Amino acid sequence: MDHVPRDVAADVPADIPAEELAFNFRSARLCLAFVATVGERWRGEYERLRAPEDLTRWYREVGLLDEAITVTRPGLDSARTLREAIYRGAKALIAGRDLTAADEALINTAATAPPLTPVLHGGARRLTAPKSGAQAAALSTVARDAIDLFTGTHADRIRECASPECALLFVDTSRPGRRRWCSNEACGSKDRSAAYRRRRQAKVEHQVKQLAEDQA
Ligand SMILES: [Zn+2]
């Protein structure tokens, strides 16, 4: 079954704080940061690209484009379709499986459009969008990044963050390749302090039990 996140544009629960809808760039890789525009996939997930303008904003915030490009509603639909194909593809590789032919086709199709063009500007590299076909160009750049990742030297270094509340996809570029968390600060330390609290709780329970037995 296709994995299509529900579009919660109309029914974002009121108790979701605004920061949960903010984009997350801890993946540190374009195509995986794109996957992270669905928040908290582990608990039913919600859509951070709720309107075409959200995708325009994402392109700028991820650092792909300085200029704001116009995204249409069908363009947003195409973007979500590509995103879910990249997500399923990454999960397949993590599980040691191949991508499905359907997902390969979705990514390949997006990549056939001419991508954003690199230009030199004051000694820095920038990407620019063509006058027409800007949406397709931006998606093509993301799709090509996925193809590069899935076939490159880091294909077996795609990881899912071990924090049960996070599950963000990232690339482990560390030399030993044993990174468990998307970020040590964000998830690693939280995980370690949770483990500490569990050990401490177990110790207290043991002591209480001991005391009860001694008094019996
Ligand atoms: Zn994490």
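Here are some numbered notes on this structure, going from the whole chain down to single residues.

1. First, keep in mind that this is a predicted model. The chain is built from six helices and six strands. If you walk along from the N terminus, you meet the elements in the order α-β-β-α-α-α-β-β-α-β-β-α.

2. For a feel of the overall dimensions, picture a box of roughly 80 × 45 × 45 Å along the principal axes, filled by the C-alpha atoms. Of the chain's 216 residues, 28% count as buried. Now look at contacts with a separation of 6 or more: 58% of them are between residues 24 or more positions apart.

3. How is the chain divided up? The domain assignment gives domain 1, residues 18-176, and domain 2, residues 183-216. Their centres, taken over C-alpha atoms, are 39 Å apart. Where the two domains touch, domain 1 supplies five residues and domain 2 supplies five residues. On the domain 1 side, the touching residues split into three nonpolar, one polar and one charged.

4. Next, the core. The largest nonpolar core has 44 residues, and the members that touch the most others are Leu-32, Val-35, Leu-82, Ile-86 and Ala-138. Two or more residues come from each of α1 (30-35), α2 (52-61), α3 (73-94), α4 (101-111), α5 (134-151) and β6 (169-171). Which element gives the largest share? That is α5, with nine residues. As background, nonpolar side chains in soluble globular proteins tend to be buried together.

5. Helix α3 deserves a closer look. With 22 residues, α3 spans 32 Å from first C-alpha to last, close to the 32 Å expected at 1.5 Å a residue. Its buried residues are Leu-76, Ala-79, Leu-82, Arg-83, Ala-85, Ile-86, Tyr-87, Gly-89 and Ala-90. So what covers them? The cover includes the helices α1, α2, α4 and α5, along with the strands β5 (158-160) and β6. Just past the end of α3, you'll find Gly-96 with a positive phi of about 80 degrees.

6. Zoom in on Ile-86, one of those buried α3 residues. Setting aside neighbours within four places in sequence, Ile-86 is in contact with Cys-31, Phe-34, Val-35, Ile-107 and Ala-146. Val-35 in that list is, like Ile-86, among the core residues that touch the most other members.

7. For a neat bit of strand pairing, find β3 (residues 117-121) and β4 (residues 124-128). These two strands run antiparallel and are joined by five bridges. Within the pair, Val-119 sits opposite Arg-126. Together β3 and β4 make a hairpin with two residues between them, and Gly-122 in the turn has a positive phi of about 60 degrees. It helps to remember that side chains in a regular strand alternate between the two faces of the sheet.

8. Last, try Asn-24, which lies in the segment before α1. Is Asn-24 buried or partly exposed? Asn-24 is partly exposed, because 17 other C-beta atoms lie within 10 Å, and a residue needs 20 or more to count as buried. Beyond neighbours within four places in sequence, Asn-24 is in contact with Ala-36 and Leu-168. Compare Leu-127: from Asn-24 to Leu-127 is 103 residues along the sequence and 21 Å in space, C-alpha to C-alpha.

Conventions:
Residues numbered from 1 in each chain as written. Predicted model: local features only at pLDDT ≥ 70, side-chain atom pairs only at ≥ 80, totals over all residues. Domains from an automatic or database assignment. Contact = placed C-beta atoms within 7 Å. Nonpolar A, V, L, I, M, F, W, Y, C, P; charged D, E, K, R; others polar. Pairing = 2+ DSSP bridges. Helix = DSSP H or I, 4+ residues; strand = E, 2+ residues; numbered from the N terminus. Core = buried A, V, L, I, M, F, W, Y, C linked by C-beta atoms within 7 Å. Buried ≥ 20, exposed ≤ 12 C-beta atoms within 10 Å, placed from the backbone. Expected span 1.5 Å × (residues − 1).
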